[in-house]
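Dear colleague,

I am handing over the structure we spoke about, and my notes follow beneath it. Please read them with the model open beside you.

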Amino acid sequence: MDMQRSLNKAYSTSIESSRIAHSIGMTLDRFIKNNQNQFQYASGELSQLLRDIALASKVVNREVNKAGLIDIMGAAGTTNLGGDQQQKLDVLANIRFTRALAKGGEVCALVSEESESFVDLNNSGKYVIAIDPLDGSSNIDVNVSIGTIFSIYRRKSAPGTPIRQDDIMQKGLEQVAAGYILYGSSTMLVYTTGHGVHGFTYETGLGEYFLSHPDMQIPDDGRTYSINEGLANSFDDAVKNYIGFCKDSSYTARYIGSLVADFHRNLLKGGIYIYPATAKNAMGKLRLIYECNALAFLVEQAGGKASDGQRRILDIEPESLHQRTPFYVGSKNMVEKAETFNQLTIDSNGLQNG
Ligand code: FBP
């Protein structure tokens, strides 16, 4: 064996086994490609759609990261349908995702928290997307983690024909894919196509998402509860009793006030997030179609549970585009425990009303 080859071998093995040569892992693109055949309608459109979402999220990530340096902090001076003050980044993220999805051509209609009615993208795309372009926007100016949430459905009507109501108003159960992007200490994209939940971390230097959390599973149990206790006076007895149970069990209270960030922590460590009905919002605050359905699909794929306190979120038939729902999501045993408190209250009210 000549000198050079033995040198290369010696040289490469030490480098190869050293930290500087560690494998950088699988890119999102490669992962989507490798798993495309898992998908019932595998013809590349969904893969391209997921890539379009990833691209738009990289642009939004860039703007979120330098928010303090350029004029995109603060309110846009407009309100969305829910009467929420729109933040400049809400509007910007909505533009970025809508543009990327329109250009891709896979999506025929888009439902967004920032748009009153659905947006017809006038193409023969086979997919419908529901998106919260920037969730937790009240945290933007204070540099706390925020997110994007998305749900993907197949259209019911034939491609190229007018968009129908039943293309838009589909149960969560009919999602073909769903996910979120977390713009936090690192940026992550987490998604499912009904074959497990996989997390990818964004490597800003290379501009690529790499598989960092394959096949995520939420623990059946946790010791963390996430709820805005500041609103406790307006919660019903069942929720108050469940909070009492959490305290008696010495659980830890963690509430970032950013749904994606609270959900992500509970997905990794176990826990429950609750946004219940309140005196102000009898149906809670969160939106069924572009906030809850996606996280419900993800948590079930990861072994957890999601309900409105009684009904499975994915079984809820949507009635209006921006409808709200109480939301209980997280570790299976914790959600079931919270539901039993609801059932107890219902039963006792039933007895009282005889
Ligand atoms: P946005 O989509 O308008 O940001 O609202 C959703 C949200 O910000 C969630 O991210 C968060 O969990 C919740 O509302 C916080 O609400 P509250 O401040 O009432 O606790």
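**The ligand and its surroundings**

An oxygen atom of the ligand lies 2.8 Å from an N or O atom in the side chain of Y273, a polar contact in the sense of a pair of N or O atoms within 3.5 Å (within protein, one must be able to donate a hydrogen and the other to accept it, and residues adjacent in sequence count only if both atoms are side-chain atoms). Please bear in mind that this is a predicted model, in which local features need pLDDT of at least 70 and side-chain atom pairs count only at pLDDT 80 or more, while totals for chains, interfaces and linings use all residues. Residues are numbered from 1 along each chain as its sequence is written, and side-chain values use heavy atoms, with hydrogens and water left out.

An oxygen atom of the ligand is also 2.6 Å from an N or O atom in the side chain of Y275, and an oxygen atom of the ligand is 2.7 Å from a polar backbone atom of L259. There are 15 residues around the ligand, of which D135, G136, Y255, L259 and Y275 come nearest; a residue is counted here if one of its heavy atoms lies within 4 Å of the molecule.

**Aromatic pairs**

The structure holds 10 aromatic pairs, where rings of Phe, Tyr and Trp (its six-membered ring) pair if their centres lie within 6.5 Å, and planes under 30 degrees apart count as stacked, over 60 as edge-to-face and the rest as tilted. One of them is the stacked pair of Y255 and Y273, with 6.2 Å from centre to centre and 20° between the planes. This pair links distant parts of the chain, since Y255 sits in the loop between β12 (252-253) and α7 (259-269), Y273 belongs to strand β13 (residues 272-275), and the two are 18 residues apart; helices (H or I, at least four residues) and strands (E, at least two) are DSSP runs, numbered from the N terminus. Y273 is buried, with a relative accessible area of 3%, whereas Y255 counts as partly exposed at 31%; buried means under 20% relative accessible area, exposed over 50%, and partly exposed in between (1.4 Å probe, protein chains only).

**The sheet**

β13 also appears in an open sheet of five strands, ordered β12-β11-β13-β15-β14 with mixed pairing, two strands being paired if DSSP finds at least two bridges between them. β12 and β14 (305-307) stand at the edges with a single partner strand each, so one side of each is left without a neighbour in the sheet.

Best regards
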